[in-house]
Amino acid sequence: MNRLLLGTPLLWALVSCASAPSQSSSDTPVATHTQAPLRVERVLSRPEPTPQPTRKAMVRRILPLNVRLVTTEDGKVRRSASGVVIGTEVGEAGPVSYVLTNAHAVEQGDLTDPVLKVVLDRRAETHEYAAEVVATGEVPDLDLALLRVTGVTWPVAELAADDEPEPGEDVVVAASPYGRALSISGGMVSQVEWDKQTKHPRMLKTDAPIGYGASGGGIFSMETGRLLAIVEGYRTAKVDFEVAAQNFSFDVPMPGETFAAPSAKVRGFLQAKGFGRLLERAADADGAGPQKTASR
């Protein structure tokens, strides 16, 4: 009897194990490998920045665009000035280059037999060419003049956009003070005076030092190399002093008071005088089409 009672739990354990449901293979966890989603990133291709020309390289580019003007009579120099080559064209009569300067620089009413020449200084070589005045403005409102030189094709200055000149612009003035060879003086745009009606600059000032004979010289941007303005003149202050009981006086140019005709005035002058085509041809030569007023 005791044997039967002791064996009963063992029998029930065997029956329970036999009746327990077996775990199906579908319930067995299976190791799986998941792949992370691909990340596609857009990489923008940026062109390499164009290196800015050095100051020396920019001056070398600007100098050939400028000339010296000389008016002689009986073999003597009566007055001198400066000019900028603003256009060239080739017609049936051959090539022609045009030089921009001041109207007061080519006035010859006080001379009997004047001869106007454009002088090119190329290092140790000097070349002279006869010039003809083809357009002038009214001084002092429009102190500009255009000269024509036949038989030559010279490099042409690119005129800046009407609204390009800004105070603080780093500039150089290329001119021929005192009738000597071309020289460079540096400074910045010290003032831009705007016309309230046309919304364009009507006068530009620079603190770059100039001297007598610089009238008609070009003021160029050192950033772009474009022609910003044509020098018209400068204001001076009279200085008086006494030495050994003798009085002396001379005029000193005032800093920041070199005033010039900005590109907007130059463009309007050429168009009003029937030479707007020079600007269009210069722009076409650069592949930019006709030159228009544009933002910087």
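A residue counts as buried when its relative accessible area is under 20%, as exposed when it is over 50%, and as partly exposed in between. Keep that scale in mind as we walk through this predicted model.

Let's start at the surface with F248, a residue of strand β13, which spans residues 246–262. Its relative accessible area is 36%, so F248 is partly exposed. F248 joins V239, F241 and V243 in a nonpolar surface patch of about 300 Å². Strand β12, residues 227–243, supplies the largest share of that patch, with three residues.

Now follow strand β12 to I230, which also belongs to this strand. Is I230 buried or exposed? Its relative accessibility is 0%, so I230 counts as buried. Setting aside neighbours within four places in sequence, what does I230 touch? Its contacts include V84, L100, N102 and L144, along with the glycines G216, G217 and G218. I230 is also in contact with A260, A261 and V266.

The last of those names, V266, brings us to helix α3, where V266 is one of the buried residues. The helix runs over residues 263–272, and seven of its 10 residues are buried, so α3 is largely enclosed by the rest of the structure. Alongside V266, the buried residues are S263, A264, K265, R267, F269 and L270. K265 offers another link back to strand β12: the C-alpha atoms of I230 and K265 are separated by 9.5 Å, although the two residues are 35 residues apart along the chain.

Finally, look just past the end of α3, where G274 takes a positive phi of about 85 degrees.

How values were computed:
Residues are numbered from 1 along each chain as its sequence is written. This is a predicted model: local features need pLDDT of at least 70, side-chain atom pairs count only at pLDDT 80 or more; totals for chains, interfaces and linings use all residues. Side-chain values use heavy atoms; hydrogens and water are left out. Buried means under 20% relative accessible area, exposed over 50%, partly exposed in between (1.4 Å probe, protein chains only). Helices (H or I, at least four residues) and strands (E, at least two) are DSSP runs, numbered from the N terminus. Patches are made of residues with over 30% relative accessible area and no salt bridge: like charges are joined within 9 Å, nonpolar side chains (Val, Leu, Ile, Met, Phe, Trp, Tyr) within 5 Å. Accessible areas come from the Shrake-Rupley method with a 1.4 Å probe; for residues, only the protein chains shown count as cover. A salt bridge is a side-chain nitrogen of Lys or Arg within 4 Å of a carboxyl oxygen of Asp or Glu. Contact means heavy atoms within 4.5 Å.
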